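Me: I'd like to learn how to read the place where two parts of a protein meet. Can you walk me through one?

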Amino acid sequence: MHFQPFSPKTIVEPFRIRSVEPVGFTTPEERKELLAQAGYNPFLLRAKDILIDLLTDSGTGAMSSQQWAGMMASDESYAGARSFYRFEEAVKDITGYAHVMPTHQGGGAEHILFHAIASAGKIIPNNNHFDTTRAHVEHCGAEARDLVIDEGADLALIHPFKGNMNVEKLAALIEKEGVARIPLIMMTVTNNSGGGQPVSMENVRKVSALAKAHGIPFFLDACRFAENCWFIKTREAGYANVPLIDIARELFGYADGCTMSAKKDGMANIGGFLAMNDSKLAEQCRSFEILMEGFPTYGGMAGYDMEAIAIGLYEAMDERYLAYRIRSIEYLGEKLQDAGIPIIRPTGGHAIYLDARRMLSHLSWQEYPAWSLNNGLYLLGGVRGVEIGSVMFGLQPDGSEKEAAHELVRLAFPRRVYTQSHVDYLAEVIVELDRQKDKLPGYRIVRQAQVLRHFTVLMEPVVGG
Ligand code: F0G
């Protein structure tokens with residue numbers, strides 16, 4: 001008996017589920033009340049009142065049975081714990097960096113690094129800084145400069161590596177400002193603020209060469225390194241048959257160090273690290289680590305967190321898992337595009353980004369269209385995403401308001417949490433909301449903080465609601 005070859009279209013999740021968690025079903029009337037109580041800020045909702053929570057892919061993933069087993073066998077010694085050495089070995093194996101400092105999350109690593117190298121008058125170039133990364137740079141008095149390629153700013157344009165750095169602009173910046181003003185070059189893989197778009201190995205190689213030629217340290221913001229490597233494998237010539245771990249090793253090899261939030265491609269619920277080759281810088285960072293995070297063999301994590309990450313970093317590079325993850329997001333993207341809904345194209349590594357400026361053209365940027373769209377998703381379908389628009393980026397350090405480059409709603413997918421039927425439901429909600437979008441009101445700010453205001457801002461709808 002010989003069957004004909006068969007390529008199923010169904011996305012089979014490469015795991016089966018043996019521990020389940022109920023999701024929060026609510027009625028439309030309840031959601032209206034709950035959102036009003038939360039000051040129309042989805043960050044202030046209780047997670048139990050959300051059906052599908054796509055606020056972030058950070059720390060929200062499901063761990064594997066292997067990770068839980070590792071956690072049970074962890075060593076909680078204050079200094080020199082076995083779990084630290086396991087964690088260090090995994091990080092060194094993948095990145096090749098000589099010094100590994102555990103931190104409580106990615107922001108902890110950024111805090112230490114920027115404290116050591118950034119100060120007033122300095123500029124940190126990056127393809128795109130993530131919002132809290134930018135805040136860390138600015139907190140040290142330095143300037144965060146985004147130099148993504150022009151194609152990266154065009155939401156609908158198809159390009160395989162829209163996260164790439166504009167190397168010419170970077171060279172011109174170094175030329176103009178001088179090496180003394182640029183203590184570090186960073187690249188975020190994948191580029192979260194730019195749509196979860198990957199950077200190519202070729203681009204990283206070029207940035208690395210330029211950094212070396214000027215003696216400027218080059219670091220990766222490596223939160224989503226495995227997803228980026230998957231795109232290199234599937235989109236860049238010469239990598240189709242290279243094992244993912246070797247792609248990762250090559251990628252890290254071009255840089256002098258990295259900051260990492262293990263809440264993403266570390267497959268853990270908390271944790272991160274700072275890693276680097278430079279011994280002198282490492283010594284400086286370690287002293288500050290003790291002050292801010294903890295002793296250098298735990299740095300703000302429990303032994304069991306380090307175990308979970310040591311295992312999770314390898315699970316994130318599992319090609320079956322990556323194929324399922326990236327395909328689920330692409331699948332949702334296809335459904336939305338078939339319905340004429342504008343999104344960032346091509347779909348990226350961890351999220352779908354809805355283009356609210358195009359979708360809600362009846363609202364001006366001062367009415368915060370992406371905020372309104374995100375609230376609409378909750379009201380209609382119990383779905384929570386996050387606004388990446390003029391609420392997140394509009395408030396300037398001098399207190400003035402500026403229109404953000406884009407008005408986006410990001411729907412970020414927790415790792416190994418949702419199934420295809422959740423994705424089908426999401427598509428239904430978004431398509432239905434698009435049909436009724438004229439009902440979505442503008443919003444006005446009632447109360448706000450001066451830094452990272454989107455987390456705590458209180459809003460009200462301008463009409464009706
Ligand atoms: N860098 C990037 C590119 C990130 O996406 C994040 C976090 C961080 C750094 C900071 O890491 O949260 O562990 O301190 N991004 C999450 C998000 C919060 O929703 O995109 P952290």
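Me: Which side chains does Asp57 or Arg224 meet in a salt bridge?
Reply: To spot one, look for a Lys or Arg nitrogen within 4 Å of a carboxyl oxygen of Asp or Glu. In this predicted model, the side chains of Asp57 and Arg224 pair up that way, at 2.8 Å from N to O.

Me: How many salt bridges cross the interface of domain 1 and domain 2?
Reply: The rule finds 6 of them there. Polar contacts can be counted too: 20 residue pairs make one across this interface, both partners at pLDDT 80 or more.

Me: Which elements supply the side of domain 1 that touches domain 2?
Reply: Check which helices and strands bring residues to the contact. Here helix H13 (319-338), strand S9 (351-355), helix H16 (390-393) and strand S12 (408-412) each bring at least two. H13 gives the most, with 6 residues.

Me: What classes of residue are on that side of domain 1?
Reply: Sort them by class and you get 13 nonpolar, 6 polar and 9 charged residues.

Me: And where does each domain run along the chain?
Reply: Watch out for a domain written in pieces. Domain 1 is assigned to 28-57 + 319-461, and domain 2 to 65-315. Their contact takes 28 residues from domain 1 and 32 from domain 2.

Me: What area is buried between domain 1 and domain 2?
Reply: It's about 2600 Å², with carbon and sulfur atoms giving 58% of that. As for the domain centres, taken over C-alpha atoms, 26 Å separate them.

Note on methods
Residues numbered from 1 in each chain as written. Predicted model: local features only at pLDDT ≥ 70, side-chain atom pairs only at ≥ 80, totals over all residues. Heavy atoms only, no water. Domains from an automatic or database assignment. Contact = heavy atoms within 4.5 Å. Buried area = accessible area lost by both parts, 1.4 Å probe. Polar contact = N/O pair within 3.5 Å; in protein donor to acceptor, adjacent residues only side chain to side chain. Helix = DSSP H or I, 4+ residues; strand = E, 2+ residues; numbered from the N terminus. Nonpolar A, V, L, I, M, F, W, Y, C, P; charged D, E, K, R; others polar.
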